[in-house]
Amino acid sequence: MSRPSAFTRLAKKASTFTGRPACFALALGIIVAWAVTGPLFGFSDTWQLVINTGTTVITFLMVFLIQSTQNRDTEAMQIKLDELIRVSRSANNALLDLEELEEKELDDLRAHYEDMARQAREMQQAKTKRG
């Protein structure tokens, strides 16, 4: 395997850090410090602008960080599921790349599998009544 890119390494470290209680405590501490300094700055517009700008910038960056992490995790899970489908004898290998299909095709497949599940439940109920 090749070495992850600098962005991937940074995103992993950042997402690990931001998901820890210590990061939450740090953010909470910043908010408390900001609130406590309110009277010192007379609750000025600049004082309010500091927190608004800071939280906006952090939120903006976190959106990209979360999306990157989610994309990587989803891709890895998809590959693992594809491998499980591939090695299962009775599996339908046509399902390996479902994420590439259009909404209509996915809706049709879902309806097909929902129908199969309904039929299986009906058969199970019929067996239960007979036996």
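1. In what follows, Lys and Arg count as positive and Asp and Glu as negative, while His and the chain ends are not counted. By that reckoning the protein chain carries 16 positive and 16 negative side chains, and the centres of these two sets lie 11 Å apart. Please keep in mind throughout that this is a predicted model, and that the values below are computed from it.

2. On the overall fold, the protein chain contains four helices and zero strands, so that, read from the N terminus, its elements follow the order α-α-α-α. The radius of gyration of the protein chain is 25 Å, which is well over the 14 Å that the globule rule gives for 131 residues, and the chain is therefore more spread out than a compact globule. The C-alpha trace, taken along its principal axes, spans about 80 × 45 × 30 Å.

3. On surface and burial, 8% of the 131 residues of the protein chain count as buried. The accessible surface of the chain comes to about 11100 Å², and carbon and sulfur atoms account for 64% of that surface. If one looks at the contacts in the chain with a separation of 6 or more, 30% of them are made by residues that stand 24 or more positions apart.

4. Thr69 is a useful residue to look at as an example of burial. Thr69 sits in helix α3, and it counts as buried because its relative accessible area is 16%, where the cut-off for buried is under 20%. Once its neighbours within four places in sequence are left aside, Thr69 is in contact with Ala11 and Ser15.

5. Turning to the charged side chains, the structure holds four salt bridges. One of them joins Arg86 and Glu83, whose closest N and O atoms are 2.6 Å apart. Both residues belong to helix α3, which covers residues 45–87, and because they are three residues apart there, about one helical turn separates them. Neither partner has to be hidden for this pairing to appear in the model: Arg86 is partly exposed, with a relative accessible area of 48%, and Glu83 is also partly exposed, at 36%.

6. A further salt bridge is found in helix α4, which covers residues 103–130, where Asp108 and Lys104 lie four residues apart, about one turn of the helix. Their side chains meet with an N to O distance of 2.7 Å. Asp108 counts as partly exposed, at 41% relative accessibility, whereas Lys104, at 55%, counts as exposed; the two labels are assigned because exposed means over 50%, with partly exposed lying between that value and the 20% limit for buried.

7. Helix α4 also holds the salt bridge between Asp115 and Arg118, in which the closest N and O atoms are 2.3 Å apart. Because these two residues are three places apart in helix α4, about one helical turn separates them. Asp115 is partly exposed at 30% relative accessibility, and Arg118 is partly exposed at 36%. This pair does not stand alone, since salt bridges that share partners join Asp115, Arg118 and Glu122 into one network.

8. To draw these points together for a first reading, the model shows a chain of four helices and zero strands that is more spread out than a compact globule. Among its four salt bridges, the Arg86 and Glu83 pair lies in helix α3, and the Asp108 and Lys104 pair lies in helix α4.

Methods:
Residues are numbered from 1 along each chain as its sequence is written. This is a predicted model: local features need pLDDT of at least 70, side-chain atom pairs count only at pLDDT 80 or more; totals for chains, interfaces and linings use all residues. Side-chain values use heavy atoms; hydrogens and water are left out. Buried means under 20% relative accessible area, exposed over 50%, partly exposed in between (1.4 Å probe, protein chains only). The radius of gyration is taken over C-alpha atoms; the globule rule is 2.2 Å times the number of residues to the power 0.38. Contact means heavy atoms within 4.5 Å. Accessible areas come from the Shrake-Rupley method with a 1.4 Å probe; for residues, only the protein chains shown count as cover. The place of a charge is taken as NZ of Lys, CZ of Arg, CG of Asp or CD of Glu.
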